[in-house]
Amino acid sequence: MRVNEAIEIINGELSSQPAISSFEGVAIRISEVKRGCLFIAKNPDEIDGAIALGAYGIVYDKYVQMVDGEIAWIKVKSVYDAIIRLIRYQFLSNQIAIYFVSEIEYAIASEIIIDPKIGFFDNDLEELLSFINKDEYLEGIFIKNEALLDLVLEYNQAVLPTEQPFKVLTATLFETKIHYKLAQYDLKLPSLFLPELSSIIDLCVMNKIIFELRNFSHIAYMQPYFINAYAKLVGYGQTDRVVITESDIEKFKKYVAYIAINAKWGKLMLFLPKGYEGVFDMMAQNEVYLEKSDLNSLLKQENYNFGLVLGLENKELIDIITTPYVEPVLPLF
């Protein structure tokens with residue numbers, strides 16, 4: 001990238017008469033600085049270090065002392081705005097396609113897409129420029145953060161096709177067997193998420209993105225954890241008691257409806273944080289917990305086949321149901 005080109009892209013002003021005419025890449029973090037790069041100085045204290053590492057240019061928005069007159073010093077109104085402009089430039093110049101999908105679609109896509117030219121980005125905005133610069137062969141990026149759409153002029157969005165691209169052979173609560181392209185696939189995926197699977201397959205086919213259904217393992221949504229009488233984790237399918245957790249209220253509602261409709265043979269119990277009393281009374285029996293630690297005893301005492309917990313992440317539930325069970329010690333007298 002030539003110096004005058006960089007100035008135009010970031011809407012900057014050259015504050016020096018540099019001896020160099022171009023840059024070899026862009027760096028936001030000091031750890032990414034290489035000889036010849038343009039350094040975006042979010043932290044002015046890192047400028048000396050960037051120069052020592054060989055930066056050919058510094059982008060800044062606060063007063064700095066120009067200690068090296070041979071490199072390019074580019075003043076901008078906002079370093080943050082300069083980063084956004086550079087990201088847009090990279091998308092356009094490298095012709096990188098953006099695929100905007102939902103959380104569940106993102107999880108499914110990251111499981112089955114094996115195309116080396118496709119990346120998945122789920123970090124903050126400022127990380128995106130570094131992400132793009134790491135892979136010169138990148139042709140497409142999947143995102144689920146709607147805020148990132150402001151960076152691009154156009155994007156592809158996953159939509160539900162009019163017909164499912166596969167045939168459902170069998171479907172249980174947490175597993176689905178499908179037939180697709182002359183092959184059968186056993187997926188640990190609730191049929192609740194088959195629309196999302198359909199939209200991702202359709203998006204891949206339409207955009208010639210390489211995917212492999214056999215790579216699918218599981219996603220973190222509606223993940224069943226089988227527990228024993230002590231409310232401790234056991235192997236998949238080893239008991240008739242399952243616990244599922246969800247922190248998002250809208251997803252939780254869908255899980256409750258899905259279990260209620262498709263597992264009428266089992267008893268459904270909802271474990272709700274304080275403040276949700278009465279919200280789900282029409283759907284299933286429920287218990288309210290005051291502290292997350294209360295779930296250790298509630299999960300053990302209640303009689304149910306399906307326990308749905310609102311307000312926990314999967315990791316928090318795992319911590320509760322994997323704590324070793326200690327047999328009570330009876331008094332000697």
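Is A231 buried or exposed? Select A231 and you'll find a buried residue, with a relative accessible area of 2% (buried is under 20% relative accessible area, exposed over 50%, partly exposed in between, using a 1.4 Å probe and protein chains only). Before moving on, note that this is a predicted model, where local features need pLDDT of at least 70 and side-chain atom pairs count only at pLDDT 80 or more, while totals for chains, interfaces and linings use all residues. Numbering runs from 1 along each chain as its sequence is written, and side-chain values use heavy atoms, with hydrogens and water left out.

**Stop 1: two positive phi values**

Stay on A231, in the loop between β13 and β14 (242-246). Helices (H or I, at least four residues) and strands (E, at least two) are DSSP runs, numbered from the N terminus. The phi of A231 is positive, near 60 degrees, in a residue other than glycine. Most residues other than glycine have a negative phi.

Now jump to K208, in the loop between α6 (194-206) and β13 (225-226). K208 isn't a glycine either, and its phi is positive at about 55 degrees. K208 counts as exposed because its relative accessibility is 76%.

**Stop 2: T245 and V309**

Pick T245 in strand β14. T245 is buried, with a relative accessible area of 2%. Show its polar contacts (pairs of N or O atoms within 3.5 Å; within protein, one must be able to donate a hydrogen and the other to accept it, and residues adjacent in sequence count only if both atoms are side-chain atoms). The side chain of T245 reaches the backbone oxygen of V309 at 3.2 Å. A polar atom of that T245 side chain also lies 2.9 Å from the backbone oxygen of L312.

Follow the contact to V309, which sits in strand β17 (residues 306-310). V309 is buried, at 0% relative accessible area. Add M269 to the selection: it is 40 residues from V309 along the chain, and their C-alpha atoms are separated by 8.7 Å.

**Stop 3: helix α3**

Select residues 79-93. How far apart are the end C-alpha atoms of α3? They are 21 Å apart, which agrees with the 21 Å that 15 residues should span at 1.5 Å a residue (the expected span is 1.5 Å times one less than the number of residues).

At the start of α3, look for a side-chain oxygen of S78, which reaches to within 3.3 Å of the backbone nitrogen of Y80. The buried residues of the helix are V79, A82, I83, I84, L86, I87, Q90 and F91. Just after α3, Q95 has a positive phi of about 55 degrees.

**Stop 4: the open sheet**

Colour the four strands that form an open sheet in the order β7-β8-β6-β9, with parallel pairing (two strands pair if DSSP finds at least two bridges between them). Its edge strands are β7 (118-120) and β9 (156-157), each pairing on one side only. Zoom in on β7 and strand β8 (residues 140-143), which pair in the parallel sense over three bridges. Here F120 has F142 of β8 as its bridge partner.

**Stop 5: pockets and a cavity**

Turn on a surface. On a 1 Å grid over the protein atoms alone, a cavity is a set of points where a 1.4 Å probe fits but cannot get out, and a pocket is an open set with protein on both sides within 12 Å along at least five of seven lines; lining residues have an atom within 4 Å of a point. Grid points are joined across faces, edges and corners, and a volume is the space filled by probe spheres set on the points.

The largest pocket holds about 460 Å³. Of its 17 lining residues, E24, G25, V26, Q90 and N133 lie nearest the centre. Helix α5 gives the most to this lining, with four residues.

Next, centre on F91, L92, V152, L153 and E154, which lie nearest the centre of the second largest pocket. This pocket has about 320 Å³ of space. Here α3 gives the most to the lining, with five residues.

Finally, clip into the interior, where the structure holds three cavities of 30 Å³ or more. The largest cavity has about 50 Å³ of space. To see its lining, select F91, I98, L128, I141, I143, L148, L151 and V152.
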